[in-house]
Amino acid sequence: MSDAESPTNPSLTPDAQTEEFEAVDVFAESTDMDLRPGADNCYKCTACDISCPVAEVDDEFPGPKFQGPEQWRLKRKEDAAVDDSIMSCSNCMRCDDACPSGVPLSQMHNTARGEYVDEVMEKFSREYIRNRILANYGTLAQLGSMFPRLTNAVMGNSLVQKVNEKVLGITAERDFPEFATQTFREWWQERGGPQVRSEDKRVAYFHGCYSNYNTPEVGKAMVRVFESFGYEVVVPKQRCSGTPMFANGMLDDAKRAAGINVENFAGLIPEGYDIIASCTSCSMSLRQEYPELFDIDGIRDLSEHTYDALEYLRIHEDIESEVREASVSDQSFAYHAPCHGRNQGLDRQAVELFRELDGVEIEDVGDSCSGISGTYGWKEEKYDKSMQIGADMFDHMEHAAGNVGMTECPTCSMQMEHGTGYDVKHPLQLLEEALV
């Protein structure tokens, strides 16, 4: 057993071993999270820089290594301001997965971005106002969904899109996502809530903003599939997961949203509920970013009991056998694994599951980033770069046998459709077709 593993050090006298250890407060004057010690774990291998899709297409972006450990090392030496290039990070979090020494890169980036927005960014600038609107998409969607047909007509107007680009810096190249005429929560209330009751199999659904306001068919598929396996599904009140807020440095907004979500979901865990998300960015937020950035009672319980929907069924049910015995009409899919899904080890789950489904041909279109990275690809100055990042995915999709895309991420779905013209499905929709 090494000295590190041994409870005592044999080189010390018995008296010295029994003396009470006195901790040293390295950052005595700091009450906020300080990530500078974590920077020392970086040995400059540049694996994170090589994995970064933004650094690949943007010569002016210094990369994750500078944005994380290098910047925090600099702050250790002098009270330097956060570099403005931090706002070019797309928050894809691929650097976390690439780092061989466990440096908390995305945690450093999120913290630095929040500090830059709070202390440096001009609050009446076009960039700040635009970023705040994009970061709080849930608020915008709540208003837009009150009059969905009118909102869709207005936001789909090319003149309005050009004005948005000129005034706010939201690219006119993309079609604004349409709002559903009935939100998921309206459907849930209309059907009368859970249709299955169980003492043993219980899940609480975190639908997020997009499945509620834009693609309620994904949420409906989730409910029907889980109920077909005998699960009691509940849908607590909730706010945005915070992913777009993290990406834009709006940490105060994200903390308020996290507080509401933790309060409404963590309290269900002692009653036997696990938390299920149909969006991999939402599950990543609840699992990783919440406990990394916030100290809220119950937040670690929430993190430890959060799963992606397909992941949960593969763990708790013999879903492979169910799919193997099912069949659907002939269809082919070009599947893209979202970066936030890869970071959770979920990059092959849909391909592995559906290749056993009779009538389905599914092809993984590679490990490249889609390029949109949530709000990143909606910014006028980032649009061209987002399309350059996504070019590899577009090319693989167009050479795949299928002409329908598949992914678990709603913004990746936008990018796939935008770059290829393909319709895009969520895996839960195909699962519903096969089993329900």
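**Figure 1. Residues in contact between helix 12 and helix 14.** In this predicted model, Phe-184, Trp-187, Trp-188 and Arg-191 of helix 12 touch Pro-216, Gly-219, Lys-220, Val-223, Arg-224 and Glu-227 of helix 14. Sorted by class, the contact of these two helices comprises five nonpolar, one polar and four charged residues. Helix 12 spans residues 184-191 and helix 14 spans residues 216-228. Their axes lie 8 Å apart and form an angle of about 40°. An angle that is neither under 35 degrees, nor over 145, nor from 65 to 115 counts as oblique, and helix 12 and helix 14 are therefore oblique to each other.

**Figure 2. An aromatic pair within helix 12.** The model has 13 aromatic pairs. In one of them, the ring centres of Phe-184 and Trp-187 are 5.6 Å apart and the ring planes meet at 35°, so this pair is classed as tilted. Planes under 30 degrees apart would count as stacked, and those over 60 as edge-to-face. Phe-184 and Trp-187 are three residues apart in helix 12, which means that about one helical turn separates them. Both residues also belong to the contact with helix 14.

**Figure 3. The four-stranded sheet and helix 14.** The sheet is open, its pairing is parallel, and its four strands follow the order 2-1-3-4. Strand 2 (232-234) and strand 4 (306-308) are the edge strands; each has a single partner, so one side of each lacks a neighbour in the sheet. From one strand to the next, the twist averages 35°. Helix 14 lies across strand 1 (202-206), strand 2 and strand 3. Relative to strand 1, helix 14 runs at about 175°.

**Figure 4. Pairing of strand 3 with strand 4.** Strand 3 covers residues 273-277 and pairs with strand 4 in the parallel sense. Three bridges connect these two strands. Ile-275 is placed opposite Thr-306 of strand 4.

**Figure 5. Packing of helix 7 against helix 17.** Helix 7 (residues 105-119) and helix 17 (residues 280-293) have axes 10 Å apart, at an angle of about 60°. That angle makes helix 7 oblique to helix 17. The crossing of helix 7 and helix 17 is right-handed. On helix 7 the contact involves Ser-106, Gln-107, Asn-110 and Thr-111; on helix 17 it involves Gln-288, Glu-289, Glu-292 and Leu-293. By class, the contact of helix 7 with helix 17 has one nonpolar, five polar and two charged residues.

Terms used: Residues are numbered from 1 along each chain as its sequence is written. This is a predicted model: local features need pLDDT of at least 70, side-chain atom pairs count only at pLDDT 80 or more; totals for chains, interfaces and linings use all residues. Side-chain values use heavy atoms; hydrogens and water are left out. Axes are lines fitted to C-alpha atoms, for helices over the stretch in contact, and angles run from 0 to 180 degrees between N-to-C directions. Contact means heavy atoms within 4.5 Å. Ala, Val, Leu, Ile, Met, Phe, Trp, Tyr, Cys and Pro count as nonpolar, Asp, Glu, Lys and Arg as charged, and the others, Gly among them, as polar. Two strands pair if DSSP finds at least two bridges between them. A crossing is left-handed if the near helix is turned anticlockwise from the far one by less than a right angle, and right-handed if clockwise. Rings of Phe, Tyr and Trp (its six-membered ring) pair if their centres lie within 6.5 Å; planes under 30 degrees apart count as stacked, over 60 as edge-to-face and the rest as tilted.
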